[in-house]
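Could you walk me through this structure in the viewer? I would like to know what to select at each stop and what I will find there.

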Amino acid sequence: MSEERHEGTEARRHKVDAACPRPEVIDRAAQLIRSGRLVAFPTETVYGLGANALDADAVRAIFAAKGRPGTNPIIVHVATLDAARELVREWPESADRLAASFWPGPLTFVLPKAACVPDIVTAGGETVAIRCPAHPVALALIRAAAVPIAAPSANRSNHISPTRAEHVLRSLGDAVECVLDAGPTASGIESTVIDLTSEPKRVLRLGPISPAQIADALGEPVQSGECPRPGVARSPGKLPRHYSPGVPLVLIRRGEFDSRKSPGGATVGWLALGDGPAREVSKLTRIDMPQGPAAYAARLYDVLHTLDAMHLEHIVVTMPPDDEAWSAVRDRLQRAAGLGAER
Ligand code: TXA
Ligand code: MG
């Protein structure tokens with residue numbers, strides 16, 4: 001990156017203290033949102049690329065900046081329950097229960113959309129996805145803008161979601177004019193998406209809130225994994241390769257690394273998970289991942305971004321244990337490997 005370009009990049013990054021965001025920085029960003037421009041901002045999951053959700057032209061600019069297909073709907077972020085209610089035709093009791101348990105937080109509700117939500121936000125569909133994020137900077141921005149904010153993850157379509165402002169700037173380049181930088185995000189993987197329009201209610205995307213937690217709060221079972229219904233768009237985040245980094249990613253079982261043939265002299269990155277040391281592998285970058293699912297999720301995309309920038313020939317990942325607590329992490333790894341398991 002040239003010096004000039006670097007300076008340009010830095011000018012677009014605005015540091016904010018998550019604990020106490022400076023009102024003048026938030027107000028300037030909110031002003032951009034109100035005037036139809038894009039602002040990247042932190043949430044507790046990943047950074048989002050935000051626009052006024054009620055302004056179809058502004059939302060169109062998100063699709064252009066990301067290179068996102070127009071068939072993939074966008075989540076609308078709100079700061080209050082009242083603001084969420086205004087976006088829907090019906091607000092079921094299930095939404096009240098889930099909001100009481102998990103909002104603000106990493107759970108997105110899919111509900112019948114109100115007429116005020118432009119079609120471009122929902123990719124022409126009859127439902128809208130809504131969430132109230134738990135990050136103080138996101139909430140301050142939404143409140144100051146005084147409009148709901150449509151925001152997908154702030155990365156080029158099909159690339160890894162950003163968990164740091166640097167990732168946003170690297171992925172979107174000049175397409176984003178303002179990034180609020182509050183440091184790394186906490187959860188590290190995208191919100192759980194639950195469809196409240198179907199019976200049983202259905203988890204469309206696994207995430208930090210597990211299906212069991214949702215079922216507990218609702219007092220009824222939920223279905224995990226989508227089953228396409230006629231006339232209802234699939235959640236396109238479920239498509240294979242959605243989260244792929246630029247280098248091939250191979251999943252292995254614990255302890256399998258040594259027995260893999262290392263291609264002669266290949267540069268390899270390895271996300272190990274308590275595996276023993278690798279033998280006779282040169283040009284290996286080994287990263288020892290945290291051994292708990294929440295801490296692993298918080299680091300995953302950051303590590304993949306780092307390895308992605310190293311021009312490796314491939315990345316090897318030791319698959320985490322096959323239990324419920326790891327299901328969202330396994331889901332993202334399978335997608336990154338292009339396996340995109342339907343679940
Ligand atoms: O944690 C997150 O959810 C982050 C932060 C920024 O909030 N956002 C995020 O947005 O991950 P995105 O656009 O990268 O992923 C949104 C997912 C996609 O899989 C999309 O297809 C699905 O939500 N989605 C959006 N609206 C939907 C709808 N009306 N029905 C079904 N799925 C929907
Ligand atoms: Mg995304």
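Start by selecting Trp103: in this predicted model, its relative accessible area is 11%, so Trp103 counts as buried, the cut-off being under 20%. Now add Phe109, which is buried with a relative accessible area of 0%. Trp103 and Phe109 make a stacked aromatic pair, with 4.3 Å from centre to centre and 5° between the planes.

Next, bring in Trp91, which is buried like Phe109. Trp91, Trp103 and Phe109 together form one aromatic cluster. A search of the whole structure gives four aromatic pairs. In one of them, the ring centres of Trp91 and Phe109 are 6.1 Å apart and the planes are at 50°, so this pair is tilted. Trp91 sits in the loop between helix 4 (81–85) and helix 5 (93–102), while Phe109 belongs to strand 5 (residues 107–112), so the pair ties together parts 18 residues apart in sequence.

Now move along to a sheet. Select strands 12, 15, 13 and 14, which in that order make an open, four-stranded sheet with parallel pairing. Strand 12 (249–252) and strand 14 (284–288) are the edges, each pairing on one side only. Neighbouring strands here are turned by 20° against each other on average, direction ignored.

Zoom in on strand 12 and strand 15 (residues 314–318): they run parallel and are joined by four bridges. Click Leu251 and you will find its bridge partner in strand 15, Val317.

Then show helix 9 (residues 293–308), which lies across strands 12, 13, 14 and 15 and runs at about 175° to strand 13 (268–272).

For the last stop, select Trp270 and Arg286: Arg286 lies over the face of Trp270, 4.7 Å from the ring centre.

Key:
Residues numbered from 1 in each chain as written. Chains lettered and ligands numbered in written order. Predicted model: local features only at pLDDT ≥ 70, side-chain atom pairs only at ≥ 80, totals over all residues. Heavy atoms only, no water. Pairing = 2+ DSSP bridges. Helix = DSSP H or I, 4+ residues; strand = E, 2+ residues; numbered from the N terminus. Axes fitted to C-alpha atoms, helices over the stretch in contact; angles between N-to-C directions. Contact = heavy atoms within 4.5 Å. Phe/Tyr/Trp six-rings, centres within 6.5 Å; stacked < 30°, edge-to-face > 60°. Buried < 20%, exposed > 50% of the residue type's maximum accessible area, 1.4 Å probe, protein only. Lys NZ or Arg CZ within 6 Å of the ring centre and 35° of its normal.
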